[in-house]
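Take a moment with the sequence and the model before reading on. The paragraphs below go through the helices, the loops, the empty spaces and the cysteines in turn.

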Amino acid sequence: MKVDGKHYRTIWLDEDGVTVKIIDQRALPHRFIIEDIKTYEFMAVVIKDMYVRGAGLIGAAAGYGMYLAAQSAPTTSVEEFQKYMEEAGQVLKATRPTAVNLEFAVTRQLQAQAAATTVEERVRISKSTAAAIADEDADFCAKLGQHGKKIIQEIYEKKKNLEGSSARVNILTHCNAGWLAFVDVGSATGPIYAAHDDGIPIHVYVDETRPRNQGASLTCWELGKHGVAHTLVCDNTGGHLMQHGLVDLVITGADRVLATGDVCNKIGTYLKALAAKDNGVPMYVALPSSTFDWVKKDGVAEIPIELRDAREVKYIQGLLEKKGCEGTNEGEVVEVLLCPVSSQAANYAFDVTPARLVTGLVTERGVCKAEESAVRALFPEKPR
């Protein structure tokens, strides 16, 4: 995707071949900052503190984090190198327990290096594996975008027959499952961008997505950069919009999807699914296959839900348009307290939407029902 006419990925390897670069998403939408990452320890901080976020990007960051670890690992023996890499992998996996892409990337790195007989070869493999994880993420999102575009096209054709030239497809999305959540293109936004680029009139309702407001700060920013019409709404608006026929389609991303069809995504997704079901609005979840969990069977019972710092709920960050209190400046990004300082807050980062509420899953291999037989028909080679 492009920022002011220049193509960017969310993460990439610098020309020096050793430094990883990222877009620091904490600063968006008011500042565009590129950060240099030189150690796996800092990459762990970057993932944990959400410089980068989103299932696919977390996986790519973990892949590059393992390459950074390979650069600093002991070279005295393959055994010492392997021990160091396994320890680094544990550090990276502990940063965000819910997103399955992270564990997938670490495991893939370790497995790719296992057959190499020298440290030098393992470092080279680690570098190429990190690049492959990132490239596949971008490729899978582009492919699922084309599959998801067909859903939008079908809705548009039906509306055009009824409404004529004024027809447009109104889509509701939650959180940010755009290119900022992946290496490029995005999952939920993949079909949106593909349809928009093909000339299908689209309008997107963007949930603000408390408490970190990724919808307001990230989805609105990237949709605007791509020229997609959109409206920011507060998190509790979706049900009202659906009751009044203002939403044709709900598309979200996911942080972990079981082969059974249960979907774990940003907190609040479950409530959108309930409203969509009650109002007959189709709800699709877009994901690359790296986001599938092929082992667990019951999302509510088995998926670990990250409990983050209560401060994210109690405080909010924004741009100071006019000079405020002493010590603040116009144009400064500031953080303010929303509630009494003594109030307690709970910050569950994700919830689980049962498969019965999901119309279908959009993957790089096509669209299927949110049920195990359909998922495994698309991915027959995956473990059972």
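## Helix H7 and its surroundings

The buried residues of H7 pack against strand S1 (2–3), strand S6 (169–173), helix H6 (189–197), S7, strand S8 (229–233) and S11. This is a predicted model. Which residues of H7 are buried? They are Gln214, Gly215, Ser217, Leu218, Thr219, Cys220, Trp221, Glu222 and Leu223. The helix has 13 residues. From its first C-alpha to its last, H7 reaches 17 Å, close to the 18 Å expected at 1.5 Å a residue. Just after H7 comes glycine 227, with a positive phi of about 80°.

Now look at strand S7, one of the elements that the buried residues of H7 pack against. Histidine 203 lies in strand S7. Is histidine 203 buried or exposed? Its relative accessibility is 4%, so histidine 203 counts as buried. Leaving aside residues up to four places away in sequence, histidine 203 touches Arg168, Val169, Asn170, Ile171, Ala229, His230 and Thr231.

Follow the chain onward from S7. Threonine 209 sits in the loop between S7 and H7. It is not a glycine, yet threonine 209 has a positive phi of about 70°. Threonine 209 has a relative accessible area of 0%, so it is buried. The loop between strand S7 (202–207) and H7 also holds proline 211. A cis peptide bond joins arginine 210 to proline 211, with omega at about 5°.

A second cis peptide bond can be found elsewhere in the chain. It links leucine 28 and proline 29, and omega is about 5°. Proline 29 belongs to the loop between strand S4 (20–23) and strand S5 (34–37).

Next comes helix H3, residues 78–93. How far apart should the ends of H3 be? With 16 residues at 1.5 Å a residue, H3 should span 22 Å. The C-alpha atoms at its ends are 22 Å apart, so the expected span and the model agree. The buried residues of H3 are Val78, Phe81, Gln82, Tyr84, Met85, Ala88, Gly89 and Leu92. They cover an arc of only 165° around the axis, which puts them on the same side of H3. Why can residues spread along a helix point the same way? An α-helix has 3.6 residues a turn, so residues three or four places apart point the same way. The cover over the buried residues of H3 includes helix H1 (40–48), helix H2 (55–72), helix H4 (100–113) and helix H5 (119–163).

Two of these covering helices, H1 and H2, are joined by a loop that holds methionine 50. Phi of methionine 50 is near 65°, a positive value in a residue other than glycine. With 3% relative accessibility, methionine 50 counts as buried.

Turn now to the empty spaces. Rolling a probe the size of a water molecule over the atoms shows where empty space is left. The largest pocket holds about 810 Å³ of space. Its lining has 30 residues, and Arg26, Pro211, Arg212, Gln317 and Glu335 lie nearest the centre. The elements that give two or more residues to this lining are helix H7 (214–226), helix H11 (311–314), strand S14 (315–319) and strand S15 (333–337). Proline 211, met above at a cis peptide bond, is thus among the residues nearest the centre of the largest pocket.

Cavities are counted as well. How many cavities of 30 Å³ or more are there? The count comes to 3. About 160 Å³ of space lies in the largest cavity. This cavity is lined by 19 residues, and the closest to its centre are Arg53, Gly54, Cys175, Asn176 and Asp255. H2 and strand S11 (263–266) are the elements that give two or more residues to the lining of the largest cavity.

The cysteines come last. A disulfide is a covalent bond between the sulfur atoms of two cysteines. The structure holds 0 disulfides. Why does cysteine 234 not bond with cysteine 220? The closest cysteine sulfur to that of cysteine 234 is in cysteine 220, 13 Å away, and that is too far for a bond. A disulfide needs the sulfur atoms within 2.5 Å. Cysteine 234 is partly exposed, with a relative accessible area of 40%. Cysteine 339 also counts as partly exposed, at 24% relative accessibility.

Key: Residues are numbered from 1 along each chain as its sequence is written. This is a predicted model: local features need pLDDT of at least 70, side-chain atom pairs count only at pLDDT 80 or more; totals for chains, interfaces and linings use all residues. Side-chain values use heavy atoms; hydrogens and water are left out. Buried means under 20% relative accessible area, exposed over 50%, partly exposed in between (1.4 Å probe, protein chains only). Helices (H or I, at least four residues) and strands (E, at least two) are DSSP runs, numbered from the N terminus. The expected span of a helix is 1.5 Å times one less than its number of residues. The arc is that of the directions from the helix axis to the C-beta atoms. Contact means heavy atoms within 4.5 Å. On a 1 Å grid over the protein atoms alone, a cavity is a set of points where a 1.4 Å probe fits but cannot get out, and a pocket is an open set with protein on both sides within 12 Å along at least five of seven lines; lining residues have an atom within 4 Å of a point. Grid points are joined across faces, edges and corners, and a volume is the space filled by probe spheres set on the points.
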